[in-house]
Amino acid sequence: MDTTSARPSSLPRFPRNFLWGVSTSAQQIEGAVGEGGRGRSAWDVFAGEGGRIKDGSDPGVAVDHYHRYREDVGLLRELGVGAYRFSVAWPRVVPDGSGAVNAAGLDFYDRLVDALLAAGVEPLPTLFHWDTPQALEEHGGWLRRETAEHFAAYADAVAARLGDRVRRWITLNEPAELTLLGYGIGQHAPGRQLVFDALPAAHHQLLGHGLAVQALRARGAESIGIANSHGPTWRASDEEADAAAADLYDLLLNRLFAEPLLLGRYPDEGLAAMLPGPVAEDLKVISQPLDWYGINYYQPTVVGAPEPGGSGGPTDFGGVRIPSELPFAPREIEGYPRTDFGWPVVPEALTELLLTFRERYGASLPPVMITENGCAYNGLDDHERIAFLDGHLRALHEAMAAGVDVRGYFVWSLMDNFEWAEGYARRFGLVHIDYATLARTPKASFRWLRDALRDQARG
Ligand code: FCB
(Lines give C-alpha, C1' and ligand atoms only; values in the text may rest on other atoms or scores of the structure.)
Protein backbone atom coordinates (compact mmCIF):
# COMPACT_ATOMS: atom_id res chain seq x y z
CA MET A 1 0.00 0.00 0.00
CA ASP A 2 1.16 3.50 -0.81
CA THR A 3 2.51 5.16 2.29
CA THR A 4 2.99 8.63 0.88
CA SER A 5 0.83 11.31 2.33
CA ALA A 6 -1.63 13.07 0.03
CA ARG A 7 -1.09 16.33 1.89
CA PRO A 8 -0.32 17.10 5.49
CA SER A 9 -3.44 17.56 7.55
CA SER A 10 -3.87 20.81 9.40
CA LEU A 11 -7.26 20.06 10.84
CA PRO A 12 -8.17 21.62 14.16
CA ARG A 13 -7.75 19.28 17.09
CA PHE A 14 -10.74 17.13 18.08
CA PRO A 15 -11.21 15.74 21.59
CA ARG A 16 -9.12 12.71 22.52
CA ASN A 17 -12.07 10.35 22.84
CA PHE A 18 -13.77 11.58 19.64
CA LEU A 19 -15.02 8.56 17.66
CA TRP A 20 -13.74 8.47 14.08
CA GLY A 21 -15.36 6.07 11.68
CA VAL A 22 -16.65 5.17 8.26
CA SER A 23 -20.10 3.88 7.25
CA THR A 24 -21.53 1.35 4.82
CA SER A 25 -24.77 -0.58 4.48
CA ALA A 26 -25.52 -4.23 3.77
CA GLN A 27 -27.60 -3.80 0.64
CA GLN A 28 -24.98 -1.53 -0.89
CA ILE A 29 -21.92 -3.70 -0.32
CA GLU A 30 -22.61 -7.32 0.62
CA GLY A 31 -23.88 -8.92 -2.59
CA ALA A 32 -24.41 -12.69 -2.10
CA VAL A 33 -28.13 -11.96 -2.05
CA GLY A 34 -29.05 -15.59 -2.70
CA GLU A 35 -26.50 -17.15 -0.37
CA GLY A 36 -26.47 -18.40 3.19
CA GLY A 37 -30.24 -18.62 3.42
CA ARG A 38 -30.83 -14.88 2.89
CA GLY A 39 -34.38 -13.95 1.90
CA ARG A 40 -35.19 -11.36 -0.75
CA SER A 41 -35.33 -7.69 0.12
CA ALA A 42 -37.58 -5.03 -1.33
CA TRP A 43 -34.48 -3.59 -3.01
CA ASP A 44 -33.60 -6.89 -4.73
CA VAL A 45 -37.08 -6.92 -6.22
CA PHE A 46 -37.22 -3.22 -7.07
CA ALA A 47 -33.86 -3.33 -8.86
CA GLY A 48 -35.03 -6.35 -10.83
CA GLU A 49 -38.08 -4.54 -12.21
CA GLY A 50 -36.19 -2.82 -15.02
CA GLY A 51 -35.95 0.91 -15.49
CA ARG A 52 -35.67 1.54 -11.76
CA ILE A 53 -31.88 1.78 -11.52
CA LYS A 54 -30.27 4.38 -13.77
CA ASP A 55 -27.39 2.24 -15.02
CA GLY A 56 -29.55 -0.88 -15.24
CA SER A 57 -27.52 -2.57 -12.51
CA ASP A 58 -28.63 -4.43 -9.40
CA PRO A 59 -27.19 -5.16 -5.94
CA GLY A 60 -26.78 -8.90 -6.56
CA VAL A 61 -22.99 -8.86 -6.28
CA ALA A 62 -22.44 -5.26 -5.15
CA VAL A 63 -18.82 -5.17 -3.95
CA ASP A 64 -18.94 -8.76 -2.72
CA HIS A 65 -18.21 -7.74 0.85
CA TYR A 66 -19.92 -10.93 2.04
CA HIS A 67 -16.95 -12.90 0.72
CA ARG A 68 -14.27 -10.22 1.00
CA TYR A 69 -15.01 -8.82 4.44
CA ARG A 70 -11.59 -9.80 5.78
CA GLU A 71 -9.89 -7.66 3.16
CA ASP A 72 -12.26 -4.81 4.00
CA VAL A 73 -11.52 -5.10 7.70
CA GLY A 74 -7.84 -4.90 6.75
CA LEU A 75 -8.57 -1.60 5.01
CA LEU A 76 -10.32 -0.30 8.13
CA ARG A 77 -7.33 -1.22 10.24
CA GLU A 78 -4.98 0.51 7.80
CA LEU A 79 -7.20 3.61 7.80
CA GLY A 80 -6.99 3.72 11.58
CA VAL A 81 -10.64 4.42 12.36
CA GLY A 82 -11.96 3.75 15.84
CA ALA A 83 -15.30 2.38 14.63
CA TYR A 84 -17.02 0.91 11.61
CA ARG A 85 -20.70 1.56 11.01
CA PHE A 86 -22.20 -1.28 8.92
CA SER A 87 -25.73 -2.59 8.69
CA VAL A 88 -27.16 -5.98 9.41
CA ALA A 89 -29.40 -7.24 6.60
CA TRP A 90 -32.78 -8.09 8.09
CA PRO A 91 -33.56 -10.60 5.28
CA ARG A 92 -30.25 -12.37 5.97
CA VAL A 93 -31.18 -12.87 9.63
CA VAL A 94 -34.95 -13.36 9.30
CA PRO A 95 -35.48 -14.35 5.65
CA ASP A 96 -39.25 -13.85 5.70
CA GLY A 97 -39.11 -10.79 7.93
CA SER A 98 -40.95 -12.60 10.70
CA GLY A 99 -40.68 -16.09 12.06
CA ALA A 100 -37.65 -18.33 11.75
CA VAL A 101 -34.21 -16.90 12.41
CA ASN A 102 -31.51 -17.96 9.95
CA ALA A 103 -28.49 -18.93 12.04
CA ALA A 104 -26.20 -18.85 8.99
CA GLY A 105 -27.10 -15.19 8.48
CA LEU A 106 -26.14 -14.34 12.03
CA ASP A 107 -22.92 -16.33 11.58
CA PHE A 108 -21.77 -13.83 8.97
CA TYR A 109 -22.13 -10.86 11.33
CA ASP A 110 -20.58 -12.89 14.11
CA ARG A 111 -17.46 -13.39 11.99
CA LEU A 112 -17.46 -9.75 10.92
CA VAL A 113 -17.70 -8.51 14.52
CA ASP A 114 -14.89 -10.80 15.61
CA ALA A 115 -12.68 -9.69 12.73
CA LEU A 116 -13.33 -6.03 13.57
CA LEU A 117 -12.54 -6.49 17.25
CA ALA A 118 -9.35 -8.37 16.36
CA ALA A 119 -8.39 -5.38 14.18
CA GLY A 120 -9.05 -2.94 17.04
CA VAL A 121 -12.11 -1.42 15.32
CA GLU A 122 -15.38 -1.04 17.23
CA PRO A 123 -18.37 -2.60 15.42
CA LEU A 124 -21.30 -0.17 15.23
CA PRO A 125 -24.21 -2.04 13.62
CA THR A 126 -27.29 -0.38 12.15
CA LEU A 127 -30.22 -2.78 12.36
CA PHE A 128 -32.12 -1.42 9.38
CA HIS A 129 -30.74 0.38 6.36
CA TRP A 130 -33.69 0.11 3.94
CA ASP A 131 -33.53 -3.59 3.04
CA THR A 132 -37.07 -4.49 4.12
CA PRO A 133 -37.71 -8.22 3.73
CA GLN A 134 -39.81 -8.64 0.59
CA ALA A 135 -42.20 -11.01 2.38
CA LEU A 136 -43.21 -8.08 4.61
CA GLU A 137 -43.23 -5.58 1.75
CA GLU A 138 -45.78 -7.71 -0.04
CA HIS A 139 -48.12 -7.06 2.87
CA GLY A 140 -47.56 -3.31 2.84
CA GLY A 141 -44.11 -3.10 4.45
CA TRP A 142 -43.77 -0.12 6.78
CA LEU A 143 -47.31 1.03 6.00
CA ARG A 144 -48.35 -1.70 8.42
CA ARG A 145 -47.95 -1.65 12.17
CA GLU A 146 -46.97 -5.34 12.30
CA THR A 147 -43.72 -4.51 10.53
CA ALA A 148 -42.61 -2.48 13.55
CA GLU A 149 -43.28 -5.47 15.80
CA HIS A 150 -41.43 -7.86 13.50
CA PHE A 151 -38.53 -5.43 13.44
CA ALA A 152 -38.28 -5.53 17.23
CA ALA A 153 -38.26 -9.34 17.21
CA TYR A 154 -35.44 -9.27 14.66
CA ALA A 155 -33.54 -6.71 16.74
CA ASP A 156 -33.83 -9.07 19.70
CA ALA A 157 -32.40 -11.95 17.66
CA VAL A 158 -29.41 -9.88 16.55
CA ALA A 159 -28.74 -8.58 20.06
CA ALA A 160 -28.97 -12.11 21.46
CA ARG A 161 -26.14 -13.16 19.16
CA LEU A 162 -23.91 -10.07 19.02
CA GLY A 163 -24.75 -8.29 22.27
CA ASP A 164 -21.82 -9.79 24.15
CA ARG A 165 -19.41 -7.91 21.85
CA VAL A 166 -21.34 -4.93 20.48
CA ARG A 167 -21.54 -1.95 22.84
CA ARG A 168 -23.23 0.65 20.64
CA TRP A 169 -26.18 0.16 18.33
CA ILE A 170 -28.09 2.13 15.70
CA THR A 171 -31.72 1.18 15.14
CA LEU A 172 -32.72 2.81 11.83
CA ASN A 173 -31.09 4.63 8.97
CA GLU A 174 -32.90 7.65 7.57
CA PRO A 175 -36.58 6.81 8.00
CA ALA A 176 -37.28 10.16 6.30
CA GLU A 177 -35.72 9.08 3.00
CA LEU A 178 -37.45 5.71 3.01
CA THR A 179 -40.78 7.42 3.66
CA LEU A 180 -40.34 10.13 1.05
CA LEU A 181 -38.36 8.36 -1.68
CA GLY A 182 -39.66 4.83 -1.13
CA TYR A 183 -43.34 5.30 -0.25
CA GLY A 184 -43.96 8.95 -1.17
CA ILE A 185 -42.58 9.42 -4.68
CA GLY A 186 -41.40 5.96 -5.70
CA GLN A 187 -37.82 6.82 -6.55
CA HIS A 188 -36.57 4.10 -4.18
CA ALA A 189 -37.89 0.68 -3.19
CA PRO A 190 -40.67 -0.23 -2.78
CA GLY A 191 -41.53 2.27 -5.54
CA ARG A 192 -44.83 3.45 -4.08
CA GLN A 193 -46.19 6.89 -5.02
CA LEU A 194 -48.50 7.61 -2.14
CA VAL A 195 -47.43 11.23 -1.50
CA PHE A 196 -48.97 12.14 1.88
CA ASP A 197 -50.52 8.70 2.30
CA ALA A 198 -46.92 7.55 2.87
CA LEU A 199 -46.94 9.09 6.36
CA PRO A 200 -47.89 5.87 8.18
CA ALA A 201 -44.52 4.50 7.02
CA ALA A 202 -42.85 7.27 9.02
CA HIS A 203 -44.85 6.52 12.14
CA HIS A 204 -44.28 2.77 11.93
CA GLN A 205 -40.56 3.16 11.44
CA LEU A 206 -40.41 5.42 14.48
CA LEU A 207 -42.47 2.91 16.43
CA GLY A 208 -40.16 0.12 15.22
CA HIS A 209 -37.25 2.18 16.50
CA GLY A 210 -38.87 2.50 19.93
CA LEU A 211 -39.72 -1.18 20.16
CA ALA A 212 -36.19 -2.10 19.06
CA VAL A 213 -34.73 0.19 21.74
CA GLN A 214 -36.74 -1.76 24.32
CA ALA A 215 -35.54 -5.07 22.89
CA LEU A 216 -31.91 -3.93 22.85
CA ARG A 217 -32.05 -2.57 26.40
CA ALA A 218 -33.61 -5.84 27.60
CA ARG A 219 -30.53 -7.55 26.16
CA GLY A 220 -28.24 -5.20 28.06
CA ALA A 221 -27.27 -2.78 25.25
CA GLU A 222 -25.09 -0.01 26.67
CA SER A 223 -25.54 2.70 24.12
CA ILE A 224 -28.22 3.26 21.46
CA GLY A 225 -28.71 5.88 18.77
CA ILE A 226 -30.44 6.39 15.42
CA ALA A 227 -29.12 7.76 12.10
CA ASN A 228 -31.53 10.42 10.86
CA SER A 229 -30.94 12.51 7.76
CA HIS A 230 -31.11 16.23 8.33
CA GLY A 231 -30.15 19.38 6.53
CA PRO A 232 -31.03 23.05 6.80
CA THR A 233 -33.97 24.18 4.69
CA TRP A 234 -33.42 27.60 3.15
CA ARG A 235 -36.35 29.68 1.98
CA ALA A 236 -36.32 30.53 -1.71
CA SER A 237 -37.44 34.06 -0.77
CA ASP A 238 -39.11 35.96 2.04
CA GLU A 239 -42.44 35.85 0.20
CA GLU A 240 -45.12 34.32 2.37
CA ALA A 241 -45.82 31.44 -0.01
CA ASP A 242 -42.13 30.47 -0.23
CA ALA A 243 -41.66 30.73 3.52
CA ALA A 244 -44.68 28.52 4.18
CA ALA A 245 -43.52 25.95 1.63
CA ALA A 246 -39.99 25.87 3.10
CA ASP A 247 -41.32 25.55 6.63
CA LEU A 248 -43.50 22.61 5.59
CA TYR A 249 -40.51 20.91 3.96
CA ASP A 250 -38.44 21.47 7.10
CA LEU A 251 -41.27 20.02 9.14
CA LEU A 252 -41.49 16.88 6.99
CA LEU A 253 -37.79 16.24 6.58
CA ASN A 254 -36.37 17.39 9.89
CA ARG A 255 -38.93 17.97 12.62
CA LEU A 256 -41.22 15.01 11.83
CA PHE A 257 -38.36 12.63 12.58
CA ALA A 258 -36.53 14.50 15.34
CA GLU A 259 -39.39 15.66 17.55
CA PRO A 260 -41.16 12.37 18.31
CA LEU A 261 -37.77 11.01 19.41
CA LEU A 262 -36.51 14.03 21.31
CA LEU A 263 -39.68 15.72 22.55
CA GLY A 264 -42.20 12.88 22.53
CA ARG A 265 -44.59 14.67 20.17
CA TYR A 266 -45.24 15.31 16.51
CA PRO A 267 -44.50 18.84 15.34
CA ASP A 268 -48.03 19.46 14.13
CA GLU A 269 -51.36 18.28 15.48
CA GLY A 270 -53.04 18.08 12.09
CA LEU A 271 -50.24 15.83 10.92
CA ALA A 272 -50.41 13.64 14.04
CA ALA A 273 -54.14 13.20 13.39
CA MET A 274 -53.34 11.67 9.97
CA LEU A 275 -51.25 8.92 11.56
CA PRO A 276 -52.45 5.47 12.51
CA GLY A 277 -52.76 5.15 16.25
CA PRO A 278 -52.72 4.86 19.14
CA VAL A 279 -50.35 7.76 18.45
CA ALA A 280 -50.15 9.13 22.01
CA GLU A 281 -49.26 5.70 23.41
CA ASP A 282 -46.80 5.04 20.61
CA LEU A 283 -45.03 8.34 21.27
CA LYS A 284 -44.11 7.10 24.74
CA VAL A 285 -42.36 4.13 23.16
CA ILE A 286 -40.78 6.26 20.45
CA SER A 287 -39.35 8.86 22.84
CA GLN A 288 -37.42 6.65 25.22
CA PRO A 289 -34.13 8.33 26.04
CA LEU A 290 -31.35 7.83 23.52
CA ASP A 291 -27.68 7.76 24.44
CA TRP A 292 -26.82 9.80 21.39
CA TYR A 293 -28.43 11.15 18.25
CA GLY A 294 -26.96 10.35 14.83
CA ILE A 295 -27.19 12.86 12.01
CA ASN A 296 -26.48 12.08 8.36
CA TYR A 297 -25.68 15.36 6.67
CA TYR A 298 -25.14 15.94 2.95
CA GLN A 299 -26.55 19.28 1.84
CA PRO A 300 -29.00 22.09 2.57
CA THR A 301 -32.12 22.45 0.42
CA VAL A 302 -33.60 25.64 -0.95
CA VAL A 303 -37.36 25.34 -1.04
CA GLY A 304 -40.14 27.56 -2.35
CA ALA A 305 -43.77 27.35 -3.33
CA PRO A 306 -44.48 25.38 -6.53
CA GLU A 307 -44.04 27.73 -9.48
CA PRO A 308 -47.39 29.23 -10.48
CA GLY A 309 -48.15 28.63 -14.11
CA GLY A 310 -45.86 25.60 -14.15
CA SER A 311 -46.74 22.77 -16.49
CA GLY A 312 -48.66 21.02 -13.75
CA GLY A 313 -46.68 17.86 -14.47
CA PRO A 314 -43.90 16.41 -12.37
CA THR A 315 -40.56 18.24 -12.35
CA ASP A 316 -37.12 16.73 -12.42
CA PHE A 317 -34.83 17.78 -9.57
CA GLY A 318 -31.35 16.32 -9.37
CA GLY A 319 -32.65 13.28 -11.18
CA VAL A 320 -35.58 12.85 -8.78
CA ARG A 321 -39.10 13.23 -10.16
CA ILE A 322 -41.05 15.51 -7.85
CA PRO A 323 -44.81 15.03 -8.22
CA SER A 324 -46.70 18.22 -8.99
CA GLU A 325 -49.18 17.73 -6.15
CA LEU A 326 -46.55 18.44 -3.50
CA PRO A 327 -47.08 21.86 -1.92
CA PHE A 328 -43.38 22.74 -2.07
CA ALA A 329 -40.67 22.72 -4.71
CA PRO A 330 -36.92 22.35 -4.22
CA ARG A 331 -34.88 24.94 -6.15
CA GLU A 332 -31.31 24.83 -7.39
CA ILE A 333 -28.74 26.26 -4.97
CA GLU A 334 -26.49 28.68 -6.78
CA GLY A 335 -22.94 29.70 -5.98
CA TYR A 336 -21.40 26.53 -4.54
CA PRO A 337 -19.20 23.83 -6.03
CA ARG A 338 -21.01 20.61 -6.86
CA THR A 339 -20.17 16.95 -6.48
CA ASP A 340 -20.43 14.53 -9.41
CA PHE A 341 -23.95 13.82 -8.13
CA GLY A 342 -24.78 17.52 -8.59
CA TRP A 343 -25.14 18.06 -4.85
CA PRO A 344 -23.92 21.47 -3.66
CA VAL A 345 -20.92 21.45 -1.30
CA VAL A 346 -21.89 23.63 1.66
CA PRO A 347 -19.84 22.84 4.78
CA GLU A 348 -21.13 25.84 6.74
CA ALA A 349 -24.64 24.40 6.53
CA LEU A 350 -23.40 21.60 8.82
CA THR A 351 -22.48 24.18 11.46
CA GLU A 352 -25.85 25.85 10.95
CA LEU A 353 -27.70 22.54 11.25
CA LEU A 354 -26.04 21.66 14.54
CA LEU A 355 -26.61 25.11 16.01
CA THR A 356 -30.26 24.93 14.94
CA PHE A 357 -30.67 21.56 16.63
CA ARG A 358 -29.17 22.87 19.84
CA GLU A 359 -31.40 25.92 19.72
CA ARG A 360 -34.54 23.90 18.96
CA TYR A 361 -34.05 21.03 21.36
CA GLY A 362 -31.75 22.35 24.08
CA ALA A 363 -31.29 19.87 26.91
CA SER A 364 -33.52 17.33 25.09
CA LEU A 365 -30.78 16.82 22.51
CA PRO A 366 -28.41 14.05 23.61
CA PRO A 367 -24.79 14.07 22.41
CA VAL A 368 -24.63 14.02 18.62
CA MET A 369 -22.69 11.83 16.22
CA ILE A 370 -22.38 12.57 12.54
CA THR A 371 -23.20 9.10 11.28
CA GLU A 372 -22.80 9.95 7.57
CA ASN A 373 -21.14 12.70 5.58
CA GLY A 374 -19.47 12.37 2.22
CA CYS A 375 -19.58 13.05 -1.49
CA ALA A 376 -19.59 11.41 -4.91
CA TYR A 377 -16.53 12.02 -7.08
CA ASN A 378 -14.85 9.82 -9.63
CA GLY A 379 -11.15 9.11 -9.84
CA LEU A 380 -8.37 7.85 -7.60
CA ASP A 381 -6.76 11.22 -7.09
CA ASP A 382 -9.87 12.59 -5.45
CA HIS A 383 -8.64 15.94 -4.18
CA GLU A 384 -12.25 17.23 -4.26
CA ARG A 385 -13.21 14.65 -1.64
CA ILE A 386 -10.26 15.72 0.50
CA ALA A 387 -11.44 19.33 0.26
CA PHE A 388 -15.00 18.23 1.07
CA LEU A 389 -13.97 16.29 4.18
CA ASP A 390 -11.55 18.96 5.31
CA GLY A 391 -14.23 21.66 4.96
CA HIS A 392 -16.90 19.65 6.74
CA LEU A 393 -14.62 18.68 9.60
CA ARG A 394 -13.74 22.34 10.12
CA ALA A 395 -17.45 23.22 10.06
CA LEU A 396 -18.10 20.47 12.59
CA HIS A 397 -15.33 21.71 14.82
CA GLU A 398 -16.80 25.18 14.68
CA ALA A 399 -20.15 23.88 15.97
CA MET A 400 -18.31 22.05 18.74
CA ALA A 401 -16.39 25.19 19.66
CA ALA A 402 -19.78 26.93 19.88
CA GLY A 403 -20.81 24.35 22.46
CA VAL A 404 -22.61 21.58 20.52
CA ASP A 405 -21.71 18.23 22.08
CA VAL A 406 -20.55 16.11 19.13
CA ARG A 407 -18.90 12.79 19.93
CA GLY A 408 -18.08 11.27 16.57
CA TYR A 409 -17.88 11.59 12.78
CA PHE A 410 -18.36 8.86 10.16
CA VAL A 411 -17.46 9.25 6.50
CA TRP A 412 -19.85 7.83 3.93
CA SER A 413 -18.35 5.61 2.68
CA LEU A 414 -15.46 3.20 3.19
CA MET A 415 -15.69 2.13 -0.45
CA ASP A 416 -17.61 2.73 -3.66
CA ASN A 417 -20.88 0.81 -3.64
CA PHE A 418 -24.40 0.37 -4.97
CA GLU A 419 -25.85 3.86 -4.69
CA TRP A 420 -29.52 2.88 -4.77
CA ALA A 421 -31.43 4.21 -7.81
CA GLU A 422 -28.17 5.62 -9.22
CA GLY A 423 -26.56 2.19 -9.43
CA TYR A 424 -22.77 2.03 -9.39
CA ALA A 425 -22.10 5.29 -11.21
CA ARG A 426 -21.88 7.48 -8.09
CA ARG A 427 -18.69 6.79 -6.21
CA PHE A 428 -18.72 7.79 -2.55
CA GLY A 429 -15.79 5.63 -1.42
CA LEU A 430 -12.44 6.37 0.17
CA VAL A 431 -11.53 3.11 -1.55
CA HIS A 432 -12.09 2.64 -5.28
CA ILE A 433 -13.81 -0.50 -6.54
CA ASP A 434 -13.01 -1.86 -9.98
CA TYR A 435 -16.35 -3.44 -10.77
CA ALA A 436 -14.83 -5.80 -13.34
CA THR A 437 -12.42 -7.40 -10.87
CA LEU A 438 -13.77 -6.12 -7.52
CA ALA A 439 -10.23 -4.99 -6.72
CA ARG A 440 -10.02 -2.46 -3.90
CA THR A 441 -7.68 0.51 -4.34
CA PRO A 442 -7.36 3.23 -1.70
CA LYS A 443 -7.84 6.71 -3.12
CA ALA A 444 -5.89 9.84 -2.18
CA SER A 445 -8.66 10.69 0.30
CA PHE A 446 -8.06 7.41 2.11
CA ARG A 447 -4.41 8.35 2.68
CA TRP A 448 -5.39 11.87 3.67
CA LEU A 449 -7.85 10.63 6.30
CA ARG A 450 -5.40 7.99 7.56
CA ASP A 451 -2.75 10.66 8.06
CA ALA A 452 -5.23 13.07 9.64
CA LEU A 453 -6.28 10.40 12.14
CA ARG A 454 -2.67 9.59 12.99
CA ASP A 455 -2.08 13.27 13.51
CA GLN A 456 -5.12 13.57 15.80
CA ALA A 457 -3.96 10.53 17.77
CA ARG A 458 -0.54 12.12 18.38
CA GLY A 459 -2.40 14.75 20.39
C1 FCB B 1 -27.73 8.40 2.40
C2 FCB B 1 -27.89 6.91 2.62
C3 FCB B 1 -26.66 6.12 2.25
C4 FCB B 1 -26.00 6.63 0.99
C5 FCB B 1 -25.80 8.13 1.06
C6 FCB B 1 -25.12 8.71 -0.14
O7 FCB B 1 -28.99 8.98 2.25
O8 FCB B 1 -28.16 6.64 3.98
O9 FCB B 1 -27.04 4.76 2.14
O10 FCB B 1 -26.71 6.26 -0.12
O11 FCB B 1 -27.04 8.76 1.26
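User: What makes three residues in the shell around the ligand count as charged?

Analyst: In this predicted model, the residues around the ligand include E174, E372 and E419. Glu counts as charged, so those fit the class, and the shell has three charged residues next to five nonpolar and three polar ones.

User: Why is Q28 said to make a polar contact with the ligand?

Analyst: An N or O atom in the side chain of Q28 is 2.8 Å from a ligand oxygen. The cut-off for such a pair is 3.5 Å, so the Q28 pair qualifies.

User: And what about E419 and W420?

Analyst: For E419, the distance from a side-chain N or O atom to an oxygen of the ligand is 2.7 Å. For W420, a polar side-chain atom lies 2.9 Å from a ligand oxygen. As for cover, the ligand exposes 300 Å² when taken alone, and the protein buries 95% of that.

User: Where does the ligand sit?

Analyst: In the largest pocket. To be placed there, more than half of its atoms must lie within 2 Å of the pocket's grid points.

User: How confident is the predictor, going by the mean pLDDT of the protein chain?

Analyst: The mean is 95, and 94% of the residues reach 70 or more. The scale runs from 0 to 100. Watch residues 1–5, though: pLDDT stays under 50 there, and the model has 10 contacts for them beyond four places in sequence.

Definitions and conventions. Residues numbered from 1 in each chain as written. Predicted model: local features only at pLDDT ≥ 70, side-chain atom pairs only at ≥ 80, totals over all residues. Heavy atoms only, no water. Near = heavy atom within 4 Å. Polar contact = N/O pair within 3.5 Å; in protein donor to acceptor, adjacent residues only side chain to side chain. Areas by Shrake-Rupley, 256 points an atom, 1.4 Å probe, with all protein chains shown as cover. 1 Å grid on protein atoms, 1.4 Å probe; cavity = no way out; pocket = protein on both sides within 12 Å on 5 of 7 lines; lining within 4 Å. Contact = heavy atoms within 4.5 Å.
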